[in-house]
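Trainee: I'd like to learn how to read strand pairing, burial and chain contacts in a model like this one. Could you walk me through it?

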Amino acid sequence: MAFRILRTRALLGFCLALLASLTMADLAFALLYGISKGLGSSLGGFEGGVVILQGGAKSVHTSRVPLSIAESLRRIPGVEAQAVTLSPTTLYGRPLTVRGVMDMGEYAGGMVEGEAPKGSGPWILLGEEASRSLGLRVGSIIALGSPSTPRTVLLRVSGIYRLGDMRDYEAAVPLGVGAELSGLPWGMASAIRVEGMAREELEKLVKTQYSLTIAHETMRGYITILDPLNVQVATLSAEKPGPKTIQLPFGYYTIIYRDSYISANLTSLMLMGDTSINLSQPGNLQRLRVEAGEDQRPILRGGDGKLIPGVWTEGSWLFEAPIGLYTLEVGGREHLIPLMGETTFNPKAIGGELGRAEIRVQWQDGSEVKDYLISIWRPDGTLVASSRSPGTHTFIELPPGEYEAEVSKPPYLARARFKIPGDGVNIVLPAVSNPGRITPSLYQQLRALSPIEASSATITSLLGVTTTSLTAVTALLTILSAISVITIHRGLMRSAEDNIEVLRALGAGRRQLLRMVWAKILGLDLAFGLASANLASLIQRQLLPVSILGYGIQPSPFQTTIYSMILATASWLISTRHRGEEWEG
Amino acid sequence: MIFSITFLVPLLPLLVRGAPFIGDSWVHMGLARGVLASGRYGLASYNERWPLVNFLLVFLSSLTGFSELQASWTVPLLVGLSALPLYALCRRLGLPRASALVPALFVSLNPLYAYVTFSGAVMKETSAFYLAVLLLHLASMGKYPSVGWMISMAVVGFGLVLGHHYASLVAFLSLWAYAAYGLFGWLRGENPPPKAILYAASAFTVPFSLWNWLNYLTLGAFFPIFEASDILLLLAVFTLSWFTLLADRGIISRRAPWLASSAFIISVLGLRGGLYIMAQPVEPITVWEARNYAVAAVFSLAGLSAGLDRGPLRAWAASTVSMVLFAPLWGQTMPGFTLLIKALHYYGILLAVGAGFTASWILRRRGGWLIVAATLIFMAYASSTGTILALNGLGAYGREEVELLRGISFSPGIKLYGDTRAAYLLPYTSNITASGLKPLRMLDEGSIMLLFRPNWEQGFLMGYDWVAREAIAPEDQLMGRGRVYDSAHLRIIT
Amino acid sequence: MSLTASILSIASRGELKVGFMILTISLFTGLVVAVEAMAQSYARESAALREISRMAEVKVDTSPMGGAVRVYASTLDLEGRTLMILASEDPGSLINLEGARVEGGLPGDGELLVGLGLRTLAGEGVLKIMGLPLRVSGYISSPAHLASSIITTPETLRKIGLEATTLYYAKAPAGAEGVPMAEAPSSSSLVGAVTGEALSTLSILGHILTAMLAVTCAVQGYNSSQEGRRAFRVYSSLGASRRMMACSLIILSLTLSLAGVTLGYALGLAGSAIISSTLSLALGLPYVKPLAGVELLRWLGTSYALSSTALSIGLLKGYRVDGV
């Protein structure tokens, strides 16, 4: 009946036009929704938590945040902090975002091919979507260019992962490689994602400079403060009396006493507010036992030439002196003695058949260490030998056995075990050779943002123009498509005016018309709404794969269907209501 | 009395300050003086290519023997006199006598922007303004054209083309809008074919296109920021505006001129809402200012739909609303702001006529005259602040400044610095060109800087952007510098 | 009044459902115009962005390039670390292109230039790879990404027995065409890549919309003919021939299409400008003014041709079917 009233041909036209318009409207909505969702979460992996960015940075890609903040935050119970670098670059002219990550655990758990190597190195993991669009397999060697510096990095594709979010459109590299690509100086990252702390609290924490007041007794040497990356942030003279106050940003600090070639760890603290500490005297007298004959009368001299008297007791000579570096004359030879704690020295330990060992000392970045003190200890804690070394390689001749080498380059200390005979030992000091100093003002620029704000800052900068263009187009598409759908509905209503007038003249009321005609139209609308949503999804997937900065736009079919049904119903309502008002008028 | 108010307002700068408003005035007076001296008119510069205002000054000066400064009173007077064709237009549109007087007052007392800054200036646009109103009035007589009508249209149209590019553009769009509405009405059988307006529009198109195209080719560098794409955008906005007023009924029709109302909001946003990125900080709008705008909006827009069934007004609405809408769409920087101000001159006419229709409706009620009078008095009060600020602002000149500068002779070759105010006035008074604006601390040895009273009280004009005084001449530097000349209105610093 | 004028007159009074037709044409045309105008504007803005971004200085590709250094790249795992081995006949040029600093000498056959991060692996100046002892000629002290890399000669790499990927490194000449594997700085190509993504999307949208326009116009024309059959019968009975009716209907469709396309042009251009302006004010995004250029006029022409043809077909089909 309804079809006869509406006339078959008009209905056919209406169906085609409605399908076309609804599909267009759904496509526009899907794009709009997908773009806004995709753009908003294009830094996928930042969902949830808080992101620390450099204030004033136009985007995450140009932000610089001290890595030490992440290291310090991780030490707070219940708080997780991950530093990341983000470098948008191109591969074969296609955009690809490369994420430098501290901890590959999550990626390792999502591998679909290959594996995530341990440690840093020239390797890269590709997201599943990225590998598909770039056509790369595990084992490929690729070159990536830094967006801001003339550096190219060669990397091997070690694996492909699937995490189920926007990171599948990215690639992941070790943090150091990411920093290199981003042109970041050592000790910096693009952003830090934090979980377990509220945004306002975190921002206040990282932006504030706190007072650290150190009280100590007067002693020789210096007090050095290291940040969690073992960078020296402050050095105070221990010879000057009185408490000293310095301003430092939030962080986990280690306080080290150092004098000449000696250093001792005094304490560590988490600076989250104004703090005063009282350092205990590291200069208490330490005991040195020298295993020499009573007649040998060893002489111990301090760095200032002062003689320290020894006492013959219990078969060895005993000296008591504060921490420091001394010279011991015994048996016609001089030995350097680093006195850090209770020490036993046997001048006769080196004798008999000797083997040679090479000790190689370097900074974390591989560069040479010069001018340090190297001490060799037996496993029982007896000091065997000690010398100052000018260069990165030191050769030691010792009797066969197991030893421990200790390198002291204040404020850094490192140890390693080795055997003679053997291949020698490599000792890496826990710092880089020339870390850049991070100015305190950088901390005050830090901002804590919700992930969407962080994404918006990124998009505004890098893709501001793209965002405006696409959003304007899709917003207009959505509006005009919706108007088109409503117009088509009203057109159908008008086309059936005459017949419906006849029905009214025959006594049909609104309810009857609703039941006979309009309800059937509504059913048709809903069916077309469903069909057009599916058609729009199909078109979007097959014909219209949209991506922004390499991130694929993934509209939600469910959201699109809901929108389509609502649009179809709303246009039906507007048209029937309008018709009803006209008739009653 | 009403007409005396409308004549008076444009003359305020001359009456109160003794000099015309805005720097462009001096350029035209200088050109007129040059023509009078040489007897030749060149078409080299931008200000010569639309010669109406220059011709007016030259003609009056040579006829009366007055100086060009004295002759320049004519321009604001003519703007004031545009109240007469406006009154005639409103009567032709069907407004009763009392109501037809309201639009003229509204134009002068519009709180939307300081009308005196436009009407009190001696510029191309000001001299073309009365012609624009006159053309609109003539167009309204186009139903029954006569030879006299055609000659009047031709003369006024030609004058407008030579008067100002923007004014002639508004007229061009209005004529074609009117013709298109007429065509549509003819198709629907509502009116006879609009032959007269079609001919008028076509005839206007020829000189309008030719003259402006020729000037564009000659002065191309003068319009580097406008492109063909902008013209197409303007046409798009105009088409949209025209279409929204096409229907007689419905949610988008002349009965519901949403776009015209939106134009008012956009104007307020542009002037006070931070829509444009400008150097001069704009004070946030206060509740009282919002009230003033609201009163003006209601008074002018409420009755507008009643008048829009008249073809000429509908056409004027289509063109002026599109010009207002185009201004922010063109860009959100200073040139866009300039476009908005220009559009407001013509949009103001539409609002004024709308106010006339509102007044007509109110006056039919008991006590209506009281309401209308109170509204107009309130508008006078509301616009007075802006007027007073303008008369004492950086755009206004004073007789004292002019006479002081005239009395000073500068050595040839001297390097002289000053802001835009000085840059405009100096060539007229002293035949010397300023070398721009520099901070005092960067002044070259042997050069001098001119400061007028508004400079040390309010700041400097760089182009059309305001610069704080402290950026150019901080107090400490000012005190430490030598003064070649020092008076209440002028200081020359070395 | 002529038949054509009469039909136009009827149409202007809202008969024959012309308002609906014009609106539909204008909506679709508006969408096409909006897409194309924003696309052109976007392309221009991006070109400006590209100009101010840093141009590439170094390019790497798998295909030979003029003046390029050929490099064989391979990886190996040594003592739990992943290392990159690069072999080149001209290690000096490669070092220069990478901007690397070297302590020591360049490698000859059987020798290696080792990244500083691998220093601890090189005992007594010798590094064993795949059992092959190779002398370390020097160390690469910077940049940091070469810290886990080894540079050697192709002969040495052959002796080691690793499979390698061939790459070509070159300085990037200004204005060079082609898309290499990588370039640095890559900001310029990044802008180009993002632009390409967006323009591709907009182009497909435009084509889909144009196709939909044609379909919708044909359907609308057909329906309109059906609606106006009574009027057509009156004209026929007054002596209007089928040819005259057909001509009039074609002129009607041309006029309606013109009106629709004109309105659509206005809606699309002004609408996208308004939305872009609103986004700029509300969300602090840059204002992108839609650009109406020659390309847009081409699209308008296509829309007009398609819509008028489809409308004509629909109108004539509807007229004929009725058997008048």
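Mentor: Let's start with a strand pair: β6(A) and strand β9 (residues 171-174) of chain A run antiparallel and are joined by 2 bridges. Two strands pair if DSSP finds at least two bridges between them, while helices (H or I, at least four residues) and strands (E, at least two) are DSSP runs, numbered from the N terminus. In this pair Leu126(A) sits opposite Ala171(A) in β9(A).

Trainee: Before we go on, what should I know about the model and its numbering?

Mentor: It is a predicted model: local features need pLDDT of at least 70, side-chain atom pairs count only at pLDDT 80 or more, and totals for chains, interfaces and linings use all residues. Residues are numbered from 1 along each chain as its sequence is written, and chains are lettered from A and ligands numbered from 1 in the order in which they are written.

Trainee: Which strand does β6(A) join in the parallel sense, and over how many bridges?

Mentor: That is strand β8 (residues 152-161) of chain A, with 5 bridges. Look for Gly127(A), which faces Tyr161(A) in β8(A).

Trainee: How do I read burial along a strand?

Mentor: In a regular strand the side chains alternate between the two faces of the sheet. A residue is buried if 20 or more other C-beta atoms lie within 10 Å of its own, exposed if 12 or fewer, and partly exposed in between, with C-beta atoms placed from the backbone. Strand β6 (residues 123-127) of chain A has 5 of its 5 residues buried, so it is largely enclosed by the rest of the structure. Trp123(A), Leu125(A) and Gly127(A) are buried on one side, and Ile124(A) and Leu126(A) are buried on the other.

Trainee: Which strands of chain C does β1(C) pair with?

Mentor: Strand β1 (residues 58-61) of chain C pairs antiparallel with strand β9 (residues 165-171) of chain C over 4 bridges, where Val60(C) is opposite Tyr169(C). β1(C) also runs antiparallel to strand β10 (residues 182-184) of chain C, with 3 bridges, and there Lys59(C) is opposite Glu183(C).

Trainee: Now the chains. Which pair has the most contacts?

Mentor: The size of an interface is often given as the accessible area lost when the parts come together. Here we go by residues in contact (C-beta atoms, placed from the backbone, within 7 Å). Of the 2 pairs of chains that touch, A and C have the most contacts. Chain A brings 75 residues and chain C brings 76 residues. On the chain A side, helix α10 (residues 464-495) gives the most, 20 residues. That side has 36 nonpolar, 29 polar and 10 charged residues. For the classes, Ala, Val, Leu, Ile, Met, Phe, Trp, Tyr, Cys and Pro count as nonpolar, Asp, Glu, Lys and Arg as charged, and the others, Gly among them, as polar.

Trainee: And where does chain B fit in?

Mentor: Chain B puts 17 residues in contact with 21 residues of chain C. α14(B) gives the most to chain B's side, with 8 residues. Chain A and chain B do not touch, their nearest C-alpha atoms being 12 Å apart.

Trainee: How is chain B divided into domains?

Mentor: Domain bounds come from an automatic or database domain assignment, which for chain B gives domain 1 (2-391) and domain 2 (409-493). Their C-alpha centres are 35 Å apart, and each domain puts 10 residues into the contact. Helix α2 (residues 24-38) of chain B has the largest share of the domain 1 side, 5 residues.
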